[in-house]
Each structure stands twice: as C-alpha cells, then as structure tokens.
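Okay, let's get going. I'll put the sequence and the model up, and then we'll walk through it piece by piece.

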Amino acid sequence: MKNVKILVAYHKYDDIVKSSVYQPIQLGRDVANTKSKDGKLGLEEQKHLMEVMLGDNTGDNISYENRCLNEMTAVYWAWKNYSELGSPDYIGLVHYRRHFIFSDASISNREWLTDSKAYVFDYISPEYRKLISEDLLSNILDNYDGVTSYLYDLRNLNPSYLSCRDRFIEMVGLEGKLFDIVIQFILRNYPDFYEDVRKFQQEPKNYLCNMFVLKKEDFFEYCAFIFPVLNELLKNRELFENK
C-alpha cells in the first residue's frame with residue numbers, strides 16, 4: 001500500500017472513519033465553543049472529539065478562520081504540519097459524511113444530484129465501509145496522478161446557469177462581487193492560469209464537495225496557490241460577514 005493520508009474533516013461528532021490511511025481531524029478547534037451553522041458544541045462533545053482525532057489548531061495553523069474557510073483550515077494544517085502526518089506520498093481530503101467510493105461495485109442508491117455519481121446512503125454501515133476502503137485505492141493511484149469527484153454540469157440543477165458565477169450568486173448572494181474579486185486576483189497574480197479561468201467562467205461545470213487525493217508535490221503546489229487566493233477573500237470579508 002502506498003503511503004497515503006486522507007484527512008476526514010469533522011466539525012461535530014459523528015460516525016468515525018479512521019484507519020492507517022483515513023485520519024480524522026476536527027475543524028475549527030480553536031473556535032469550537034463559538035456558534036457554527038450547526039450550533040455550539042457541548043463540552044462533552046468537544047472533549048470526545050479531542051480524544052479521538054487530531055485538531056487543526058496545532059503548529060502553524062489558521063483554525064480561528066474556520067467559520068469563514070470551513071474545511072480549508074484542515075488543508076492548511078496538513079500543508080504546514082506535513083511531518084505530523086508521517087510525511088505521506090499522497091494527501092487527501094474527504095468529509096465526515098462525504099467519502100470517495102473506491103469500489104467498482106454497482107451502486108443502486110439514490111443520486112444526491114442528477115447525473116452527479118454522488119449517492120445517498122442512510123448511514124455508515126459495514127457494507128458502506130467496504131465501498132470506501134482504502135485497500136482499493138492503491139490500484140487507482142497506480143494508474144492516475146490523483147483522485148477528485150466527477151466533473152459536474154450545473155445545468156442539471158438549473159438550465160439557465162451560464163457559468164459557476166451564476167451558481168455562486170444563487171447560493172451566497174453578494175451580486176457576484178466576491179467571486180469577481182477572487183477571479184481578478186488570480187488573473188493578476190497567476191497569469192498562466194488565464195486559459196483555465198476563461199474556461200471556468202464560460203462553462204457551468206465544477207468538481208463537487210472539495211474532495212481530492214493528490215501526490216504530495218501536487219498538494220504543495222495547490223496549497224501555494226489557493227491560500228493566497230483565500231487570503232484575498234478574507235481581506236474582503238466585510239462583503240460576506242454581514243450577510
């Protein structure tokens with residue numbers, strides 16, 4: 001088996017997915033006693049999370065920004081505290097209730113979104129754990145540089161979408177201002193991405209759920225790109241904190 005660590009992001013207690021590959025990590029541990037979208041954690045729940053998983057608040061970290069950056073505080077922690085994960089050759093990210101199905105078994109469950117290849121399960125059963133087993137991942141990484149969710153066409157949700165910007169506006173409002181600020185920052189600072197940005201702006205397609213497994217070199221390159229972009233977002237937080 002390749003040396004792989006896949007962070008499993010938790011912001012509250014739930015069924016624990018943990019193994020030599022799957023590494024649970026609590027998001028926003030520094031702000032766990034403040035209100036999130038799911039309310040506040042009780043003291044017992046906080047204590048239990050600290051007992052069974054890592055936190056994103058050790059070493060060089062941005063745990064305190066979790067309410068703005070969500071699971072990206074775990075990604076930042078892995079980037080800056082790479083050796084604490086055992087210096088793996090591959091680093092990944094999934095969520096406490098969203099995982100990659102590595103099995104090639106036929107799935108008959110209801111799709112979460114039309115034509116998304118993302119399926120809904122009632123709970124994490126022993127059968128489900130077999131579908132997400134890391135034992136099936138090595139063969140995939142023998143043939144591919146990394147793993148992401150499938151590219152999803154947002155027109156399955158709304159045929160009127162012309163770009164990902166349209167979906168962003170519908171989800172968070174802001175008249176697209178924050179989206180445009182980030183796009184312009186990328187174009188100014190990463191001109192080699194011009195063609196990628198152009199395509200992204202013209203096609204209503206994206207990769208769902210912010211999930212991946214990447215070679216460490218690609219992971220480091222991704223982090224070196226995305227966190228300056230997110231920092232630009234935080235500089236403009238007045239656009240979304242009052243929403």
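So, in which sense do strand S1 and S4 pair, and over how many bridges? They pair in the parallel sense, over six bridges, with S1 covering residues 4–10. Before I go further, keep in mind that this is a predicted model.

You can follow that pairing residue by residue. Val 4 sits opposite Tyr 90 in S4, and Leu 7 has Leu 93 as its bridge partner in S4. Now look at Leu 93 again, but towards strand S8, residues 212–215. There, the bridge partner of Leu 93 is Phe 212. S4 and S8 are joined by four bridges, and these two strands run antiparallel. For anyone who wants the background, strands of a sheet pair through backbone hydrogen bonds, either parallel or antiparallel.

Let's zoom out to the whole sheet. Six strands make an open sheet, and the order is S3-S2-S1-S4-S8-S5, with mixed pairing. The edges are S3 and S5, each of which pairs on one side only.

Is S4, residues 90–95, mostly covered or mostly open? Mostly covered: six of its six residues are buried. Tyr 90, Gly 92 and Val 94 point one way from the strand, Ile 91, Leu 93 and His 95 point the other way, and all of them are buried.

That takes us to the core. In soluble globular proteins, nonpolar side chains tend to be buried together. Here the largest nonpolar core has 35 residues, and the ones with the most contacts inside it are Leu 7, Met 72, Val 75, Phe 219 and Phe 227. Which elements give two or more residues to this core? They are S1, helix H3 (72–80), S4, helix H7 (177–189), S8 and H9. H9 gives the largest share, nine residues. And Leu 7, on that list of most contacts, is the residue we just saw across from Leu 93.

Next, the second largest pocket. Its volume is about 1200 Å³. It is lined by 35 residues, and the closest to its centre are His 99, Phe 100, Ile 101, Lys 117 and Ala 118. How does the lining divide by residue type? You get 21 nonpolar, seven polar and seven charged residues. Strand S5, residues 146–148, gives the largest share of that lining, at three residues.

Hold on to Lys 117 for a second. It is in the loop between S4 and H4, and it has a positive phi of about 60° although it is not a glycine. Lys 117 counts as partly exposed, at 48% relative accessibility. Asp 115 is in the loop between S4 and helix H4 (126–131), and its phi is near 60°, a positive value in a residue other than glycine. Is Asp 115 buried or exposed? At 54% relative accessibility, Asp 115 counts as exposed, because the cut-off for that is over 50%.

Last stop, salt bridges. The count comes to eight, and I'll show you three.

Start with Glu 65 and Arg 237, where the closest N and O atoms are 2.8 Å apart. This pair links distant parts of the chain, 172 residues apart. Glu 65 is in the loop between strand S3 (54–55) and helix H2 (66–69), while Arg 237 is in the loop between helix H9 (216–235) and helix H10 (238–241). Glu 65 is buried, with a relative accessible area of 12%, whereas Arg 237 is partly exposed at 23%.

The second one is within a helix. Glu 195 and Arg 198 meet through their side chains at 2.3 Å, N to O. Why are they about one helical turn apart? Because they are three residues apart in helix H8, residues 194–202. Glu 195 is partly exposed at 42% relative accessible area, and Arg 198 also counts as partly exposed, at 31%.

The third is Arg 155 with Asp 153, with the closest N and O atoms 2.9 Å apart. Arg 155 counts as partly exposed, at 37% relative accessibility.

That's my tour. Happy to go back to any of these on the screen.

Technical notes: Residues numbered from 1 in each chain as written. Predicted model: local features only at pLDDT ≥ 70, side-chain atom pairs only at ≥ 80, totals over all residues. Heavy atoms only, no water. Buried < 20%, exposed > 50% of the residue type's maximum accessible area, 1.4 Å probe, protein only. Pairing = 2+ DSSP bridges. 1 Å grid on protein atoms, 1.4 Å probe; cavity = no way out; pocket = protein on both sides within 12 Å on 5 of 7 lines; lining within 4 Å. Points joined across faces, edges and corners; volume = space filled by probe spheres on them. Nonpolar A, V, L, I, M, F, W, Y, C, P; charged D, E, K, R; others polar. Salt bridge = Lys/Arg side-chain N within 4 Å of Asp/Glu carboxyl O. Core = buried A, V, L, I, M, F, W, Y, C linked by side-chain atoms within 4.5 Å.
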